[in-house]
Amino acid sequence: MEPFRFHLFVCTQQKPEGVASCPASGSLAVLDNLDHEIQARGLDADVQLTTCGCLGLCDEGPVMVVYPAGVWYRHVQPSDVREIVDAHLREGQPVGRLVWNDAPAMKAMSAEHREKFREAMAARDKAGMLPDRLDQMIRGYMPSRCLLTALELDVFTAVGDGATAEQIGARIHANARAVAMLLNALVALGLLAKNGDEYRNTRESARFFSQASKDNHRNGLLHIANIWHRWSTLTDAVRGGSRIPLDRDNSPEWTRDFITAMQRNAKDRAPHVVKALGTAGVRRILDLGGGSGAYSIAFAKASPEVRCEILDLPEVIPLAAEYVANAGVSAQVRLRAGDMLTSDLGSGFDLVMLNAICHMFSEEQNRGLFRRIRQALAPRGRLAVQDFILNPDKTGPLHAALFSLNMLVATDGGATYTEPEYTRWMKAAGFSEISRVNLPGPSGLIVARVE
Ligand SMILES: C[S@@+](CC[C@H](N)C(=O)[O-])C[C@H]1O[C@@H](n2cnc3c(N)ncnc32)[C@H](O)[C@@H]1O
Ligand code: FES
């Protein structure tokens, strides 16, 4: 029995620029519209929508196939989607003008395409051409930089419900000619649409990058734009072995963007951490480098008996206070300005949390911190370290390996570390019952108890 009434495959095979492909003829917009229309008509339970690789009919794209009957569509445009959903997916009647049922021609075209593709690959290989994967990796910063600049200039908010390059330039106080170049590149990247002289946000850009949206991520993402400048010092940092100081670091704006970014990540992770650690027997928590306070807030909300103390740098405390007050848990969460490497940590805590902290510090600093945390814990108290944890050989996961370099360019001695390293340091500080909890997402949790 088929689990779905219909299963749609939409070809989204990316190809080098200038080569015919379904994405080049609009399959990503078709996919987006299909997803939207299927949901809007409540057909999710009956219709499975998936992407697929090249079907060998690239000149006829966008191509999609509807199973179980095996109906092939070609030249599908976003404006055709409603008709396909209504006629085919609701009424069971394929849209005849778009159906392609000349099986011998399709087979011949697909075979010819395969042959040409193999020949082209062999010719490229023989000529010693750089593989596309490497070429894309080398130039990968260009799309990223385009989007970061658009976020810095708040372009997507300025586009609003649609505007010309001149109007957008005036709104963001930038040069009209250069703004037009940036807008055109954003269209090419699929982040804006253009109709005549008018630019419009895509559904995604309007949702995630515009101030008018409740799901706007711009403020948190500005931190990525800030650390882009640090990444440009990577070559010198690798040569010299430590970060290159930049004038723009640690301004009040930098700190606000940083804490906004931390809050964006932490508010999603915090419920998982609370669930993994539990609140049984937990009355007093020390949240070292608590940042926005997201983890303390989550614990306070999970149990009215929990009292948290956030220790963070003086410039961060007013920002944390704002989040804590907005969450309505000020009575349970105390804030203290200090330096966790040198300030008195206090005593009698049931739980000390180091969320996204250890990567800022060197091995020696972490070992020292663990020893002082042990003294601050009540008998049977726990230390919880949440971080990007490297595999024992340090070559993955990719995010953790790249984040180690993020720490090279951003801190004096920081890095990402492995589970065996954390375990060694914890044992040396007098902890036992060390266990690892895998959380959803890129970070892991290592928990240890005072002996
Ligand atoms: C990467 S953020 C993590 C914030 C928070 N724990 C979270 O996961 O969202 C690091 C935090 O540690 C704070 N911090 C850095 N060095 C510190 C120090 N020496 N003493 C206290 N806090 C520090 C920063 O201000 C920032 O809030
Ligand atoms: S790229 Fe879609 S059929 Fe080839």
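**Figure 1. Tryptophan 231 in helix 10 of the predicted model.** Start with Trp231, which counts as partly exposed because its relative accessibility is 30%, and the window for that label runs from the 20% limit of buried to the 50% limit of exposed. The residue belongs to helix 10, a stretch covering residues 218–231. Leaving out anything up to four places away in sequence, Trp231 touches Leu402, Leu405, Asn406 and Val409. For a sense of scale, pick Gln365 as a second marker: Trp231 and Gln365 sit 134 residues apart in sequence, and their C-alpha atoms are 24 Å apart in space.

**Figure 2. Arginine 218, also in helix 10.** Here the view moves to Arg218, another residue of helix 10. Is Arg218 buried or exposed? At 11% relative accessibility it counts as buried, since the cut-off for that label is under 20%. The Arg218 side chain reaches the backbone oxygen of Leu151, with 2.6 Å between them. Leu151 also turns up among the residues that Arg218 touches, together with Glu152, Asp154, Phe208, Phe209 and Gln211, once residues up to four places away in sequence are set aside.

**Figure 3. The surroundings of ligand 1.** Eighteen is the count to keep in mind for this panel: of the 18 residues around ligand 1, the ones that come nearest are Gly289, Asp312, Asp339, Met340 and Asn355. Sorted by type, the shell holds 11 nonpolar, 5 polar and 2 charged residues. Which element gives the largest share of the shell? That would be helix 12 (residues 252–277), with 4 residues.

**Figure 4. Polar atoms facing ligand 1.** This one zooms in on three atom pairs. A backbone N or O atom of Gly289 lies 2.8 Å from a nitrogen atom of ligand 1. Met340 has a backbone N or O atom that also sits 2.8 Å from a nitrogen atom of ligand 1. With Asp312 it is the side chain that takes part: one of its polar atoms is 2.6 Å from an oxygen atom of ligand 1. How much of the ligand does the protein bury? Taken alone, ligand 1 exposes 590 Å², and the protein buries 93% of that.

**Figure 5. The largest nonpolar core.** This core has 29 residues, and those with the most contacts inside it are Leu288, Leu354, Phe370, Ile373, Leu383, Tyr422 and Phe431. Elements giving two or more residues to the core are strand 7 (284–288), strand 10 (349–355), helix 15 (363–376), strand 11 (377–387), helix 17 (419–428) and strand 15 (444–450). Helix 15 provides the largest share, 4 residues. Apart from this core lies another one, of 25 residues, which includes Val282, Val333, Leu439 and Val447.

**Figure 6. A closer look at tyrosine 422.** Tyr422 is one of the residues with the most contacts inside the largest core. What does Tyr422 touch, not counting residues up to four places away in sequence? The list runs Cys358, Phe370, Val385, Asp387, Ile389, Tyr417 and Ile446. Phe370 is worth picking out in this view, as it too is among the residues with the most contacts inside the core.

**Figure 7. Glutamine 332 in a loop.** Gln332 sits in the loop between helix 14 (317–327) and strand 9 (333–337). Though placed in a loop, Gln332 counts as buried because its relative accessibility is 15%, against a cut-off of under 20%. A polar atom of its side chain lies 3.0 Å from the backbone oxygen of Val306. Val306 is also one of the residues in contact with Gln332 when neighbours within four places in sequence are left aside; the others are Ala300, Ser303, Pro304, Glu305, Arg307 and Cys308.

**Figure 8. Proline 3, ahead of strand 1.** Pro3 is found in the segment before strand 1 (6–11). With a relative accessibility of 64%, Pro3 counts as exposed, because that label applies over 50%. Its C-alpha atom is separated by 53 Å from that of Arg334, and the two residues are 331 apart along the chain. To put that in context, the C-alpha trace of the protein chain spans about 75 × 60 × 50 Å along its principal axes.

Key
Residues are numbered from 1 along each chain as its sequence is written. Chains are lettered from A and ligands numbered from 1 in the order in which they are written. This is a predicted model: local features need pLDDT of at least 70, side-chain atom pairs count only at pLDDT 80 or more; totals for chains, interfaces and linings use all residues. Side-chain values use heavy atoms; hydrogens and water are left out. A residue is near a molecule or strand if one of its heavy atoms lies within 4 Å of it. A polar contact is a pair of N or O atoms within 3.5 Å; within protein, one must be able to donate a hydrogen and the other to accept it, and residues adjacent in sequence count only if both atoms are side-chain atoms. Accessible areas come from the Shrake-Rupley method with a 1.4 Å probe; for residues, only the protein chains shown count as cover. Ala, Val, Leu, Ile, Met, Phe, Trp, Tyr, Cys and Pro count as nonpolar, Asp, Glu, Lys and Arg as charged, and the others, Gly among them, as polar. A nonpolar core is a set of buried Ala, Val, Leu, Ile, Met, Phe, Trp, Tyr and Cys residues joined through side-chain atoms within 4.5 Å. Buried means under 20% relative accessible area, exposed over 50%, partly exposed in between (1.4 Å probe, protein chains only). Contact means heavy atoms within 4.5 Å.
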